[in-house]
Each structure stands twice: as C-alpha cells, then as structure tokens.
Amino acid sequence: MSILIGAETTFIVQGITGREAVNLTRECLDYGAGARIVGGVTPGRLGREVHGVPVFDTVAQAVEAHGGPIDGSVVTVPPAFTRDAVVEAIANGVKLVVIVTERIPRGDVAQMVEFADEHGARIIGPNCLGIIVPDVIKMGGIGGPAKDAAKSYSPGPVGVISRSGGMTTEMSSTLTAAGLGQSTAVSIGGDAIIGSTYAELMPLFEADEETQAIVIYTEPGGRMEAQLSEWVTEHNSRLPVVAFMAGRFMDEMPGMSFGHAGTIVEGKEDTATEKIARLAEAGITVAEEISEIPDLVKTKLAERTTA
C-alpha cells in the first residue's frame, strides 16, 4: 500500500512544454512501471506531444480526451500563473495537485489552499519535488532521473516527509542503504504556506498498513512541528517518529533565514531548540545526524515488537 498515489494514478503536467517539465515528464514515465501521464497542458500548444504525451490548451480538454476524471496534476507553470493553473485543475475535478513552482506570492498560495479545501482536493507544495512510491510511481521531480531514484528509494515500511526536496532523497537513500525501505516519500515544500503539513499527512500514513514508522526532515521557522507534536499526542499515534532538525546554528543568529522561504524564525517557539524540545515531549526522537536515523528507526520498531 501507499498514500496519495499508486500504480493506477492518472495525472497531467501543467506547463509540460517548459524545459524542466519536459525532463520531469521523462523521469516519471521511466520510473517503476511508468507513470500514467494522460496529458499535458500548455495554452496554444494543442496537438503537440511531449515524450508521447498529448498536449492540450486546457485542463478541460485533457479531461475530455481522457474520457473521465483525472486524479492529479503536476504544476510547473511560472509563479504569476500558478494560482490560475491550480484553480483550473481543481475546478475540472483534479483532487491531487503537486506544485513544483517556487516563489509564488503568499496571497496566491493561501487562495489556492482555500480553494482546494472547499473542493475536497489536496495540494502538495508549492516549492516541492513531489511524491514517490518506491518501484511503483513518482509524481514530480523527486529522486531525479529514474535510474537515480531507483538507487535511492526502495519499498518498505518507513514513511518519509520532508520540507526539503533534496533531503527527501538523502534520508531515503540513507534508509535504503541500511535495509529500511519506504512506503511513500513526500516532499511537502519549504515555503511559509504549503498545502499539506506533517500533521495533515499523518492520518494517511496512520491508515496505511504498510507504514510502520515515520521519518521527517524539518527546519527552524513556522509551526508545523508543534502541530505534528499535538497530533501525535492527541491521537496516540501507533507510528514511531524520528526527526532530523537542520539549521540549529540559526538559534545563535537571530533574524537569519536560510534556503527555504519558510525558515524565518519569528519568535522563540520557532527556534530549533524549542522545536526539538516540543518534539521530544511528544515522544518523537530527534537525530543529531542523518546517519543516525536508520538505527533509531530500527530501535523504535524493535521496541514496538517487544511491547
């Protein structure tokens, strides 16, 4: 099993004729059994193909050509047009939208997330690399070319959630090398406002019988870790969670941010030290180094078996 996507998931790529989208499409088609990309959308490019995928002017045309609802969309259009693209996809019945685009205005992101909530859809991202179910399907640029993704990701019992796209692969590769495969890995995005947080994905992993543990990569800034801690405590989660907190040096450098737009520390609660303490209170183990994660996961799983 997996969460969000599976072998039968159909999706489109919005902005498919862009350079990065062309590469992304190829990567998804080559991975696993091959993603079911049923169309691409770039206004004015109707009738073209990208790696055999038909291109349409609108999402409505893609849905009509497919002959029924399309499960998801990977959005790669420029920031100024992302909101319209996402609204168009959801309005045409798409229920899962992976937004690769970065530098989208916060107001636009807030409107997209609200629109998705109103229509029973889910957004992953923005500024993310997407989702992968090892050896089955990937939706987005996560893991890079298929041959590289195949080396880093392997099927198994550990769910991975990360604010950093690259670190999603780094942590999964570390787990794979230690003999711990992944059920699903999700790059949720590093912006201040995103469509799906740790706490919002936990119920999906909780319901997935294959998933037996969770690994997260997190950073200073924002309230997502507090929400995760509250969720784990309130729901008495069956899943042991191991976390890695990057950017601990920021506690000594007030007002600094690095990398992602979401790593802005606005108060004491946002600091790495406070987040680590809050996670620990919820029974979440925080690794000092990424290399420690596999042994910590194995210990947690062994403790569950003994109990």
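These legends go with close-up views of salt bridges in a predicted model.

**View 1. E8 and R36 pair up across a stretch of sequence.** Here E8 makes a salt bridge with R36, and the closest N and O atoms sit 3.3 Å apart. E8 comes from the segment before β1 (10–14), while R36 belongs to strand β2 (residues 36–41), so the contact ties together parts that are 28 residues apart in sequence. As for solvent, E8 is exposed, at 58% relative accessible area. R36 is partly exposed, at 35%.

**View 2. R26 and D30 meet within helix α1.** This salt bridge has its closest N and O atoms 3.0 Å apart. The two residues are four apart in helix α1 (residues 19–30), which puts about one helical turn between them. R26 is partly exposed, with a relative accessible area of 33%, and D30 also counts as partly exposed, at 43%.

**View 3. K138 reaches E27 in a salt bridge.** The N to O distance here is 3.3 Å. K138 lies in strand β9 (residues 137–139) and E27 in helix α1, so this pair links parts 111 residues apart in sequence. Buried or exposed, these two? Both K138 and E27 are buried, meaning under 20% relative accessible area.

**View 4. R163, E219 and E225 form one network.** These three residues are joined through salt bridges that share partners. For the wider picture, the structure holds seven salt bridges, among them the E8–R36 pair of View 1, the R26–D30 pair of View 2 and the K138–E27 pair of View 3.

Notes. Residues numbered from 1 in each chain as written. Predicted model: local features only at pLDDT ≥ 70, side-chain atom pairs only at ≥ 80, totals over all residues. Heavy atoms only, no water. Salt bridge = Lys/Arg side-chain N within 4 Å of Asp/Glu carboxyl O. Buried < 20%, exposed > 50% of the residue type's maximum accessible area, 1.4 Å probe, protein only.
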